[in-house]
Amino acid sequence: MSPPASPRASDRRQAGLIRRLAVLLLAVACAAPLAMNVACPDLWGHVLYGQEWIGSGRLPRTATHTFTAVGQPWVNHELLAERLLAGGFRVGGVVGMQAAKVALGMAMLLLMASAARRHATAPIVTWSVLLTVANALEGFFPIRPQLLSFLYCSLLLWLLDRSVASRDSSASHEAIDWRPLLGVPPLMAVWANSHGGFAFGLLLLAAVLGGRLIESLIQRREGVWWAAAGSAAVLMASVSATLINPYGWRLHAWLGESLAAPRPEITEWDAPTVGNPVFAPFVVLLVLTLVSLLASERRRDWTQVAVLAVVAWQAAEHLRHIALFAILCGFWLPPHTQSAGRRVVRWFAGRRTLRYPWPGAEATPLLRRVAVAGLAGLVALQATIVGERLRELPVYRSHWPVDAVQWMADHRVGGDVLVCFNWAQYAMAALAPDIRVAVDGRFRTCYPQAVIDRHFDFLLADGQPRYRAEGSGPIDRRRTLREDRPDYVLLDRRYPAPVHQMQRLASEPRSAWALLYQDALAQLWGRRPVVDDPASDRYVPPERRFVSDHYSMTAVNWPGAPRRGAAFAGEPTGRVAKNAVSGASADTPNTNG
């Protein structure tokens with residue numbers, strides 16, 4: 001057989017351009033899931049708390065904006081994140097926050113690509129794996145403080161990877177480069193002030209360093225005790241660095257107590273199930289991990305395998321850990337995926353010499369030009385999709401009480417409001433300082449368990465997953481109304497238990513509650529002594545009350561504040577987003593009856 005013809009220089013250039021465009025297409029495709037524009041229920045609160053801290057120059061030590069936990073210590077484990085969110089919103093608005101979020105996600109992927117390149121992984125393989133990782137991260141990438149934990153976890157893994165001076169399929173000895181590990185304690189200090197996920201960072205650091213030492217002891221490598229001393233020093237310095245926070249060791253004590261108590265009321269702590277948007281990407285990534293590790297011809301790092309197995313198990317138990325599993329896969333999987341892929345190619349080729357040893361050699365110049373144009377067009381299309389997602393952060397009226405909150409602002413509703421858990425920070429931010437809420441997304445950072453139990457006794461139906469303290473007594477659906485005595489109750493009608501409870505109370509003789517506002521999504525109830533007395537400044541005459549089953553699929557751009565716009569200084573009020581369904585404008589309907 002005659003040897004294959006040597007390609008011309010122009011052909012090689014075209015083939016190289018095709019490969020680079022393919023990698024660019026994969027990279028831009030990774031940005032699309034990271035640009036998911038869904039509003040997190042807690043984002044309103046994070047921005048509001050950050051704004052208030054910046055404005056006052058003083059860190060609140062007790063719970064704010066609540067009437068059920070007045071004077072309760074507030075351990076805020078997301079301080080730096082909230083300052084960044086508040087500052088980012090002030091400077092860049094929604095577009096700036098969205099762009100910063102995508103930049104953060106792409107920085108994570110670039111750290112993964114850097115580690116893969118260090119292990120001689122082809123870019124096309126690396127970014128194919130990272131596309132799978134990005135899709136697994138999509139459901140966990142709304143704007144929220146957890147994103148900083150994801151970034152810091154990526155930085156920690158990158159530093160750990162750089163600290164191994166030699167790791168390839170033929171290495172028999174691994175020298176530790178201690179210089180990258182000098183960056184770990186400062187990283188942990190920043191992490192501890194940004195988000196409580198630093199606890200996972202410490203566990204991951206201990207697992208990786210401990211696993212390397214165990215492997216060194218088994219293989220009886222030289223200098224193992226010096227390595228043990230150095231690893232212990234890095235770990236101790238990192239733990240000590242996390243104590244540099246406004247609460248000191250109390251942050252760690254609170255975190256341990258909080259994590260020890262189950263959180264079945266919060267869906268992120270549920271197990272992934274079929275039909276959940278994150279289920280399929282998790283399964284795909286899990287299958288890719290198993291195939292890559294089983295078929296790889298590279299020497300496996302058994303510490304990495306063990307950590308992956310534990311985190312995969314936790315991800316199968318709790319949705320929120322899928323993101324951590326994806327990040328680990330992004331750093332540790334690409335070299336094994338490449339090795340497994342080469343093994344599969346050899347198996348199909350039967351070890352025969354390929355006729356065309358370089359990609360694109362068999363294509364005609366016209367086909368290569370078509371491929372270049374097609375790939376460039378696809379890159380532009382993906383970039384357009386990402387750009388469209390960055391423009392808006394829609395607050396849908398079918399999911400958030402936009403019209404109910406506007407009605408409350410129009411009628412100057414003020415006082416203590418019992419708001420269902422997911423809406424509390426939106427209502428708080430939109431109507432502060434006129435209202436205080438019963439319970440919000442800060443959860444155990446500032447609310448006693450007894451207050452949380454009263455709230456979920458009212459909100460959840462029998463049989464829904466719950467955790468209750470033993471001292472809370474039997475379930476009493478009216479207890480929060482009696483003991484906390486809210487002036488108003490703002491309900492999500494998708495929760496049938498509290499809706500039925502309020503309807504039963506309203507039907508009783510001399511009922512204390514009156515329905516003030518209703519649409520297809522929300523109900524607002526008020527205490528009759530407050531809203532029925534013409535002498536009260538909060539009196540609502542019958543003709544001003546609005547009760548219907550009005551339903552709207554339109555949306556306003558975040559923050560979706562009412563027209564008075566007091567809570568979010570610097571953001572134009574009344575901004576209108578396009579209807580995601582029909583493209584019609586999303587003006588607030590007349591809710592004055």
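This short talk is about aromatic rings and the charged side chains that sit over some of them.

Hi everyone! One thing to keep in mind from the start: this is a predicted model. With that said, let's look at the rings. How many aromatic pairs does a search of the whole structure find? The answer is 14, and I'd like to walk you through two of them.

Let's begin with Y49 and W74. Their ring centres are 5.1 Å apart and their planes meet at 75°; planes over 60 degrees apart count as edge-to-face, so that is what we call this pair. Now find the two residues along the chain. Y49 belongs to helix α2, residues 43-56, while W74 is in the loop between α2 and α3. They are 25 residues apart, so to speak, and the pair links distant parts of the chain. Are these two buried or exposed? Both Y49 and W74 are buried.

On to W400 and Y426. Here the centres are 6.2 Å apart with the planes at 75°, so this pair is edge-to-face. W400 is found in the loop between β1 and α16, and Y426 in helix α17, residues 424-431. With 26 residues separating them, this pair links distant parts of the chain. Both W400 and Y426 are buried.

Please keep W400 and Y426 on your screen for a moment. Ring pairs join them with W44, F89 and W558 into a cluster.

Finally, the charges. Remember W74? The charged end of R442 sits over its ring, 4.8 Å from the centre. And R83 lies over the face of W53, 4.6 Å from the ring centre.

Thanks for listening!

Terms used. Residues are numbered from 1 along each chain as its sequence is written. This is a predicted model: local features need pLDDT of at least 70, side-chain atom pairs count only at pLDDT 80 or more; totals for chains, interfaces and linings use all residues. Side-chain values use heavy atoms; hydrogens and water are left out. Rings of Phe, Tyr and Trp (its six-membered ring) pair if their centres lie within 6.5 Å; planes under 30 degrees apart count as stacked, over 60 as edge-to-face and the rest as tilted. Helices (H or I, at least four residues) and strands (E, at least two) are DSSP runs, numbered from the N terminus. Buried means under 20% relative accessible area, exposed over 50%, partly exposed in between (1.4 Å probe, protein chains only). A charge sits over a ring if NZ of Lys or CZ of Arg is within 6 Å of the ring centre and within 35 degrees of the ring normal.
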